[in-house]
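Here is a set of exercises to work through at your own pace. Keep the viewer open and try each task before reading its solution.

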2 protein chains.
Amino acid sequence: MIRVIIIGAGNVAFHLTEALLNLPEVEVKQVYNRNIEKIRYLENKTSITNNIAQIMDADLFIIAISDDQIEAFSRHLETKNGLVVHTSGSVPMAVLKAKNKGVFYPLQSFSKAKKVSFKNIPFCLEASTEAHYNLLFSIASKLSERCYPINSSQRKSLHVAAVFVNNFTNHMYTIGNTICENNAVPFEILHPLIHETTAKIMTIAPKDAQTGPARRNDEKTMQAHLDLLANNQKTVYKTISHSIIKTYE
Amino acid sequence: MIRVIIIGAGNVAFHLTEALLNLPEVEVKQVYNRNIEKIRYLENKTSITNNIAQIMDADLFIIAISDDQIEAFSRHLETKNGLVVHTSGSVPMAVLKAKNKGVFYPLQSFSKAKKVSFKNIPFCLEASTEAHYNLLFSIASKLSERCYPINSSQRKSLHVAAVFVNNFTNHMYTIGNTICENNAVPFEILHPLIHETTAKIMTIAPKDAQTGPARRNDEKTMQAHLDLLANNQKTVYKTISHSIIKTYE
């Protein structure tokens, strides 16, 4: 039985706690959060505390709090013998002030409202010893079918790549939606195309899937599009079109 | 029985011909293409020609050729009494030189290699009379469950919106993929996140689904990301981040 303590009550902490409580191989020994009210709902399932001095001993401490507080918080666990990990995509393992460190990063965007199945969520794992890596793998592999050894430098790049494929893609949808709204066109007309775009790159490299006026360097169409756009949208249109043209030069 | 003649042998023409040949309510009377070899495979299914003078009479002529050739080609059909339509997202109906005009635009990106089911592909329909609109609707609604009346000005905006949600999104995937490759990270780690990003906006507005450093105006993370990127990627990162920040100001 692996004894785990979870630090935090944000989106990642919330879903991880839920999932780990359901793993027979894991004992969620305690959940810590600065504001106890946010973890009050766990009272009957595990020990809860908002007092750092009362954090127990465990095999694994999962710090699932804001990126900029990870380092500071880890100092409170400096004397612990268990493995101390964070769950962040953008924070190096080395910032952890602990005897034994690691990273347990589920690569997905979570919201509390939406139920999460970890089964298909990739876990990026890192630890300084093989034994600790194996400990993380033994838990992650019970939650998910996709576990990868990813070091801090790789994880940093992955996080940037995720900004492009997730955050920036979502902004493309926002602009598309705005254009539709401004012209009384239902955005749902674009749903199948959005599906298709995404489905395509699961089987062929996105570079080979590129279509559109910038790919063809079709200046006439690009100019016609620019004429229709608001200023802010124009800049985005120009920059991405330019980047596409450069990519295929 | 609606008698249809199809002009062209590109991706849209190819898939439309296939689908219309299977509709019992439609007779594909003839297929025209400038290069006869490309439509030779249809020889046993319909009449084929590369001779404009031999184009027959029909209820509906579907011009599915390059955008910039639609207007010129339509002049050859000027004397026809049937309805003349094109299948383009970016060309106004008015460019057609024909007695009776319309647009029959399936909003999807096609490639010959990939089998197409029209069932979920939106058809954007336009005609100058109600009777002609009904003719287009009667065919489109047998191919697809999603038929919309979309006028030329709406279609123009839709086409620009499609560039954002399809072409530009695909370029975000390309950049993400490049970053992964450069750091020996398998791009497939990002597949579930890509799925999730797309699935989310089918139920909530993309504007409300936005996350990431630009949404939080988290300058430290954005700077760290910029430091990792190649020049071309930097410009894209900055422009889109700026647009996200502006959107939520």
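The exercises below go from one chain to the contact between chains, and then to single residues.

**Ground rules**

This is a predicted model, in which local features need pLDDT of at least 70 and side-chain atom pairs count only at pLDDT 80 or more, while totals for chains, interfaces and linings use all residues. Residues are numbered from 1 along each chain as its sequence is written, chains are lettered from A and ligands numbered from 1 in the order in which they are written, and side-chain values use heavy atoms, with hydrogens and water left out.

**Exercise 1. Describe chain A as a whole: its secondary structure, its span and its buried share.**

Step 1. Start with the secondary structure: chain A has eight helices and eight strands. Both are DSSP runs numbered from the N terminus, helices being H or I with at least four residues and strands E with at least two.

Step 2. Next, take the C-alpha trace of chain A, which spans about 65 × 35 × 30 Å along its principal axes.

Step 3. Now sort residues by relative accessible area: under 20% is buried, over 50% exposed, and in between partly exposed (1.4 Å probe, protein chains only). By that scale, 55% of the 249 residues of chain A count as buried.

Step 4. Finish with contacts, meaning heavy atoms within 4.5 Å. Among those in chain A between residues at least 6 apart in sequence, 52% join residues at least 24 apart.

**Exercise 2. Characterise the contact between chain A and chain B.**

Step 1. Count the participants: 79 residues come from chain A and 79 residues from chain B.

Step 2. Find the buried area, which is the accessible area (1.4 Å probe) that two parts lose on being put together, summed over both. Here the value is about 7600 Å², with carbon and sulfur atoms giving 69%. In chain A, the residues that lose the most area to chain B are A:Phe164, A:Val165 and A:Ile189, together 9% of what that side buries.

Step 3. Look at the polar side. There are zero salt bridges between chain A and chain B, a salt bridge being a side-chain nitrogen of Lys or Arg within 4 Å of a carboxyl oxygen of Asp or Glu. There are, however, 30 residue pairs in polar contact, both at pLDDT 80 or more. A polar contact is a pair of N or O atoms within 3.5 Å; within protein, one must be able to donate a hydrogen and the other to accept it, and residues adjacent in sequence count only if both atoms are side-chain atoms.

Step 4. Ask which element of chain A gives the most to the side that touches chain B. The answer is α4(A), with 25 residues.

**Exercise 3. Follow helix α5(A) from its buried residues to its packing partners.**

Step 1. Eight of the 10 residues of α5(A) are buried; among them are A:His191, A:Leu193, A:Glu196 and A:Lys200.

Step 2. These buried residues pack against α4 and α6 of chain A, together with α4 (152–182) and α5 (191–200) of chain B.

**Exercise 4. Is B:Ser241 buried or exposed, and what surrounds this residue?**

Step 1. Locate B:Ser241 in helix α8 (residues 231–248) of chain B.

Step 2. B:Ser241 counts as buried because its relative accessible area is 4%.

Step 3. The side chain of B:Ser241 reaches the backbone oxygen of B:Tyr237 at 2.8 Å.

Step 4. Beyond neighbours within four places in sequence, B:Ser241 is in contact with A:Phe168, B:Ala214 and B:Met222.

**Exercise 5. Compare the settings of two salt bridges, A:Glu37 with A:Arg40 and B:Lys119 with B:Glu145.**

Step 1. Over all chains, the count comes to 20 salt bridges.

Step 2. In the pair A:Glu37 and A:Arg40, the closest N and O atoms are 2.9 Å apart. A:Glu37 is exposed at 51% relative accessibility, and A:Arg40 is partly exposed at 34%.

Step 3. For B:Lys119 and B:Glu145, the closest N and O atoms are 3.6 Å apart. This pair links distant parts of the chain, 26 residues apart: B:Lys119 sits in the loop between β6 (100–106) and β7 (123–127) of chain B, and B:Glu145 in the loop between α3 (130–143) and β8 (147–149) of chain B.

Step 4. B:Lys119 is partly exposed, with a relative accessible area of 44%, whereas B:Glu145 is exposed at 58%.

Step 5. Finally, salt bridges that share partners join A:Glu37, A:Arg40 and A:Glu43 into one network.
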